[in-house]
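Please open the model in a viewer and keep the sequence panel visible. The tour below proceeds by selection, with a short account of what each selection shows.

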Amino acid sequence: MELQVRIRGGPELSRRPLRSEVLKEETWRLEDLFESDDQWAAALKALDAGIPAVAQYMGRLRDGPRQMVECFEAAENLMRKAAPVGLYAHLRLAEDGTNPANQAMAGCAAAMYSKIGAALSFIQPEVLSLPDGTVERYLEEEPRLQPFKRRLELVLADKPYVLTFETEAALAMLGEVMNAPQMLYERAKSSDMKFEAVSDGEGRTVPVSFATYEVMLEKSPDTVLRRNAYASFANGLSRYQNVLGGTFGTEIKKNIAMAKIRGFDSATEMFLHRQEVPGEVYENLLDIIQSECAQHMQRYVKLRKSVLGLDKILYCDIEAPLDPEFDPEVTYEEGAQLIIEAVRVMGDEYAEIVREALEDRWIDRVDNVGKSTGAFCAPAYDTHPYILTTWGGHLRSVFTLAHELGHAVHSALTARNQRLVNTQVSRVFVEAPSTFNEMLLARSILSKTDDERMRRYVLMQLLGTYYHDFVRHMLEAELLRQIYALAEEGQPITASVLSDQQGKILERYWEGMIEVDEGARLTWMRQPHYYMGLYPYTYSAGLTCSTAVAQALGGAEGDEVALGWIEVLKAGGTKRPMDLMRMAGVDLEDAGTIRGVVDHVGRIVEEVESLF
């Protein structure tokens, strides 16, 4: 389709609706998981009955390969039943975290997961207690074990770090407690944080929420509104900085303690081991992208100050639209069609998954009180993935949705081609399919327009993605690197320490280009990534991979690249992340690969500069 450009007006001024007031067609269809909360409760209760089917194999894995495969199959069957129970509770809480019933469901699901984790905790130490060579012999003797080969390889790789059965069982029972810092952070965001309404450039009152600030207000072309909203947002965050500094510090201390208990030299080593990422790759991504991409992003911010005529650049101005009067308004239906057309190059199977997701209520796109901020795609093995986003009514929302649909395609293809045990993929690869989908959308729109302003706009959407993954998330990763180093030296981690380190990182990166005020120093409060191990840097790994594949797709062997990429997505968790990327023709262990993508970012910045 040819995009009909309409320029959207000011932000929606009405109050945020309650969940009970939103249109059903704009929400996800959770009935595909459970018809009702009562059916969910029955399924939750039934999980108890499935535990003995696994527990009966405790102490019997040394009896032979048949006992091992039956144990693994029973565990997989239990987790297959537990997965939709946990997902349903998670999605209910995400759609309205203020609802006490949803909070209770999430608590019940978390408690059950801890109980199941404790029941299954004997498997790993028991496998590791087998004499050397036993697992390999079992694999040769029992063909039914082959689907679990990758799982066994991961278990054996953990051998130096696994504790006694009693200790592992105790830690599993504490799973809900271990996850308390993230739970408290998410609960504070969705239920407790309130922000003062602000005035826009015409004196109208505009409500501020976590979701609307990050989706719309931070990117508003109205400088008065954007800066007023930023001040309100920073003021709202500041009221919670000490308690959330405490949850952040607790998360760091917990991970350092667990690393020491398991015998790792550091928490960073522990997380990289779990991700199967060489330390050199991690360090290269942080060092090369920060040092070499900074010059391009500084030029982009300098262009923004000049074009917009700003007196200075605040943190909230970094993503302000460079062409404020050009913000194409797009309906959900139009956006869906743009995405469908963009992914056709990948073939029928890929495109059909995208079409079904867009048309069959896999997506929750409405905004309401208590809804989780940001966007995510939650995998579901026996049904379909679920996507949460907040539709903003403009072209940027289409890119966000395309991103999450990339995750959905990955999840669906993996589920259709792998056993449940092989569906989990290392986080270092996870963001590759999503950012690849963004590039497909950009490529499609650019191929259909000769409008210079539209080309400029689309290129800036790509730069927005590179900013998020190569700057914002990478600086989050840098904060984690420094905070873990301080904590491992005995430094207490508090709100003041976090704000001080965040400010220094921003000042060093931007070299005076932006004003680092209190709002900027509080950006450590804006993301849940800090409670997910070393998650932030993985965005850069995924984007590096997807950029390289997207560039190859435009070459002479584009059809083969598309087919190869689909095979990578189908592979799921059957390969190490570095091997998955090599399967797609990308060598992340080569520093030149990273530098090549950074150079690509520089070329986009140059083109945008020339278009202004």
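Begin by selecting Phe-34, which is found in the segment before helix H1 (37–55); helices (H or I, at least four residues) and strands (E, at least two) are DSSP runs, numbered from the N terminus. The model is a predicted one, in which local features need pLDDT of at least 70 and side-chain atom pairs count only at pLDDT 80 or more, while totals for chains, interfaces and linings use all residues. Residues are numbered from 1 along each chain as its sequence is written, and side-chain values use heavy atoms, with hydrogens and water left out.

**Phe-34 and Tyr-88**

At 8% relative accessibility, Phe-34 counts as buried; buried means under 20% relative accessible area, exposed over 50%, and partly exposed in between (1.4 Å probe, protein chains only). Next, display the contacts of Phe-34, where contact means heavy atoms within 4.5 Å. Leaving aside neighbours within four places in sequence, Phe-34 is in contact with Gln-39, Trp-40, Ala-43, Pro-84, Val-85 and Tyr-88. The C-alpha atoms of Phe-34 and Tyr-88 are separated by 7.7 Å, although the two residues are 54 apart along the chain.

Move the selection to Tyr-88, which lies in helix H2 (residues 65–95). Tyr-88 is buried, with 0% relative accessibility. Not counting residues up to four places away in sequence, Tyr-88 touches Leu-30, Leu-33, Phe-34, Ser-36, Asp-37, Trp-40 and Met-105. A distance label from Tyr-88 to Lys-149, 61 residues apart along the chain, should read 30 Å between C-alpha atoms.

**Ala-234**

Select Ala-234 in helix H11 (residues 223–238). Ala-234 has a relative accessible area of 10% and is therefore buried. Apart from residues up to four places away in sequence, Ala-234 touches Gly-519 and Leu-522. The C-alpha atoms of Ala-234 and Arg-151 are 45 Å apart, with their positions 83 residues apart along the chain.

**Helix H20 and its surroundings**

Now select helix H20 (residues 495–510), whose 16 residues should span 22 Å at 1.5 Å a residue; the end C-alpha atoms are 22 Å apart, which agrees. The expected span of a helix is 1.5 Å times one less than its number of residues. Which residues of H20 are buried? They are Ala-495, Val-497, Leu-498, Ser-499, Gln-501, Gln-502, Gly-503, Ile-505, Leu-506, Tyr-509 and Trp-510. To see what they pack against, add helix H12 (241–262), helix H14 (279–308), helix H19 (452–488) and helix H21 (518–521) to the view. Immediately after H20 comes Glu-511, with a positive phi near 50 degrees.

From this group, isolate H12, which has 22 residues and reaches 31 Å from its first C-alpha to its last, close to the 32 Å expected at 1.5 Å a residue. Just after H12, Gly-263 takes a positive phi of about 95 degrees.

**Two loops with positive phi**

Select Glu-276 in the loop between helix H13 (267–275) and H14. Glu-276 has a positive phi of about 60 degrees although it is not a glycine. At 17% relative accessibility, Glu-276 counts as buried.

Go on to Arg-361, in the loop between helix H16 (348–359) and strand S3 (363–364). Phi of Arg-361 is likewise positive, near 60 degrees, in a residue other than glycine. Arg-361 is buried, with a relative accessible area of 19%.

**Arg-396**

Select Arg-396 in helix H17 (residues 395–417). Is Arg-396 buried or exposed? Arg-396 is buried, at a relative accessible area of 16%. Beyond its neighbours within four places in sequence, Arg-396 is in contact with Glu-438, Tyr-457, Gln-461 and Thr-465.

**The whole chain**

Finally, zoom out to the protein chain, whose secondary structure comes to 25 helices and five strands. Its radius of gyration is 24 Å, close to the 25 Å that the globule rule gives for 612 residues, so the chain is as compact as a globular protein of that length. The radius is taken over C-alpha atoms, and the globule rule is 2.2 Å times the number of residues to the power 0.38. Along its principal axes the C-alpha trace spans about 75 × 55 × 50 Å. Colouring by burial would mark 58% of the 612 residues as buried. Among contacts between residues at least 6 apart in sequence, 78% join residues at least 24 apart.
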